Amino acid sequence: MNKKVIWIIIGLMSAALVGVVWLQMGLIFTSIRVNEDKFEKDVFEALNTVVQRIEQKEQREVLNHYSNGYVTSYLETEVSQNGQALIQMDFSQHQAQQVGEDLHASQIASVLNNNCKCSKCVEERDQLSRSLFVYYKQNMNSIPLAERISLLHLKGHLKKELANRGINIPYDYGVFANQTNSFVIVDDHYVVEDMNPKEITPGYKSIYQSKYSVELFPEDIPSPGMLKVHFPTKNSYVWRSAWLNFMGSILFTGIILFSFAYTIFVIFRQKKVSEMKNDFINNMTHEFKTPIATISLASDSITSPMISGNPDKVRRFANIIKQENIRMNNQVEKVLQMAVIEKQDFSMNTADVNVHEVIDRAMENIGLQVEKREGTAKAVLEATNPIVEGDLTHISNIINNLLDNANKYSPENPDITVYTRNVNSGVQVTVEDKGMGMSKEARKHIFDKFYRVHTGNLHDVKGFGLGLSYVKAMMTAHKGTIDVKSELGKGSSFTLFFQHKIDNK
């Protein structure tokens, strides 16, 4: 899978993820708006019902002022059947005043208590009852608003109506008088009216500014006041049902995002591993091609009649076959060795190892190769105590691998130096070269298995990309460390640390 396809897939998955999040957020906010609309509808229904209850109570009190049980029964029947129809009867102001002024209480009671069921008496009683109510309604504006409302009645009905609609959250309420431009009732108590208020009392502003407000006694013209309610925790109530959805959306979106990011990481890592394995196969083919060709040529030469009769030439070609076979066997051994290390299925024969002796032997081996390329290899051994605990074979391989890399990645005239010095509880070994160096990106991956620093299309740098991976694994097994410093075009420096005594904790 090439990078273009991978980035297309990433783009599509990202667009799909953004779309899912956008749709989910849209559904959540739609749910919140629906909850808010329902809340407002329920609140206004409750407030209107409370206002209706207050007005019905006043109606009964007005008629009971002059009536007996008949008028009470009549009012209840009219209210239940026609709602506010009583106060909407078309009686002129003169007619209402005449009833209130010309008839004495005894005369009114006489008419209302008349139990005659003839149509004339019934009509007379009905007309008188309605006229009485209209008369008193027209004179109600002269009565202070606070006196027209029972505090207990208001409190009880407001709590009941809100509870009936499932609204059981804290609230503040107040009765605002239009005439005095001030509150007369706030939260279960009466308020002393300020007849010349300059502004609303700061403590009542939240109630005054609340949008949950309905007119009291709406049939009065003008209305004497407003019933207002404020809900401090309204937002949490509206969000309550959507909160779990919101948190669930965040959680599952986070899981999807993490899975998406991890998948992309794995795709790129696998692509990189695939590329390194392909490089490994190509390098292995190249590494084996030369010795196989050499062995094949030497074998053909030995079987030739011209060569088979010459013992010296046969011995020479046999030695070539042997050397090339050893070379191939060493390459195979490296691959098998890394497989064992990867499985952690190896053991170390630890003993006291003199690092200086290991370096001297390694310098003899690399010295011959460096001299052929007109380079130099030297050791500056300054450690006063070069004895460390470790496996001699693996420590030798570590030093040889680093020296071999220093030689390989020095294009011309290699200049290699090995330094040693004592540090706290161990020995520090530095292998330094003046070769081609590495980029910052390359330094991140040089210890990865099969990774090799790219040198273009040339195959002059041989190997499988296993050397530094082996070095890193062995330094970890020895409880040591390895650090690298490198600058492109200026060379590299590998610093090893070996302990005098391995800490097995």
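This is a chat about the strands, cores, salt bridges and a surface patch of a predicted model.

Reader: What kind of model is this, and how are residues numbered?

Author: It is a predicted model, where local features need pLDDT of at least 70, side-chain atom pairs count only at pLDDT 80 or more, and totals for chains, interfaces and linings use all residues. Residues are numbered from 1 along each chain as its sequence is written, and side-chain values use heavy atoms, with hydrogens and water left out.

Reader: Strands, then. Is β5 mostly covered or mostly open, and where is it?

Author: Strand β5 spans residues 225-230, and 5 of its 6 residues are buried. Buried means under 20% relative accessible area, exposed means over 50%, and partly exposed is in between (1.4 Å probe, protein chains only). Strands (E, at least two residues) and helices (H or I, at least four) are DSSP runs, numbered from the N terminus.

Reader: Which strands pair with β5?

Author: Strand β1, residues 172-177, pairs with β5 in the antiparallel sense over 6 bridges. Strand β4, residues 212-216, also runs antiparallel to β5, and 5 bridges join them. Two strands pair if DSSP finds at least two bridges between them.

Reader: Which residues in β5 are the bridge partners of Tyr 173 and Ser 213?

Author: Tyr 173 has Val 229 as its partner, and Ser 213 has Lys 228.

Reader: New topic. Which residues touch the most other members in the largest nonpolar core?

Author: That core has 33 residues, and Ile 398, Ile 399, Leu 403, Val 429, Leu 496 and Phe 498 touch the most other members. A nonpolar core is a set of buried Ala, Val, Leu, Ile, Met, Phe, Trp, Tyr and Cys residues joined through side-chain atoms within 4.5 Å.

Reader: Which elements give residues to this core?

Author: Those giving two or more are α12 (355-372), α13 (392-408), β9 (415-423), β10 (426-433), α15 (467-477) and β12 (491-499). Helix α12 gives the largest share, 7 residues.

Reader: What is Phe 498 in contact with?

Author: Leaving aside neighbours within four places in sequence, the contacts of Phe 498 include Val 388, Ile 395, Ile 398, Val 429 and Met 475. Contact means heavy atoms within 4.5 Å.

Reader: What about a second core?

Author: A second, separate core has 29 residues, among them Leu 47, Leu 151, Ile 185 and Val 214.

Reader: How many salt bridges are there?

Author: The count is 11, where a salt bridge is a side-chain nitrogen of Lys or Arg within 4 Å of a carboxyl oxygen of Asp or Glu. One of them joins Asp 188 and Lys 155, at 3.9 Å from N to O. Asp 188 lies in the loop between β2 (182-186) and β3 (189-190), and Lys 155 in helix α7 (residues 151-164), so the pair ties together parts 33 residues apart in sequence.

Reader: Are Arg 165 and Glu 161 buried or exposed?

Author: Glu 161 is buried at 6% relative accessibility, whereas Arg 165 is partly exposed at 22%. Their side chains meet in a salt bridge of 2.9 Å, N to O, and Glu 45, Glu 161 and Arg 165 are linked in a network of salt bridges.

Reader: Last one. Which residues make the nonpolar surface patch?

Author: Trp 243, Met 247 and Ile 250 make a patch of about 300 Å². Met 247 is in helix α9, residues 234-303, and is partly exposed at 39% relative accessible area. Patches are made of residues with over 30% relative accessible area and no salt bridge, with like charges joined within 9 Å and nonpolar side chains (Val, Leu, Ile, Met, Phe, Trp, Tyr) within 5 Å. Accessible areas come from the Shrake-Rupley method with a 1.4 Å probe, and for residues only the protein chains shown count as cover.
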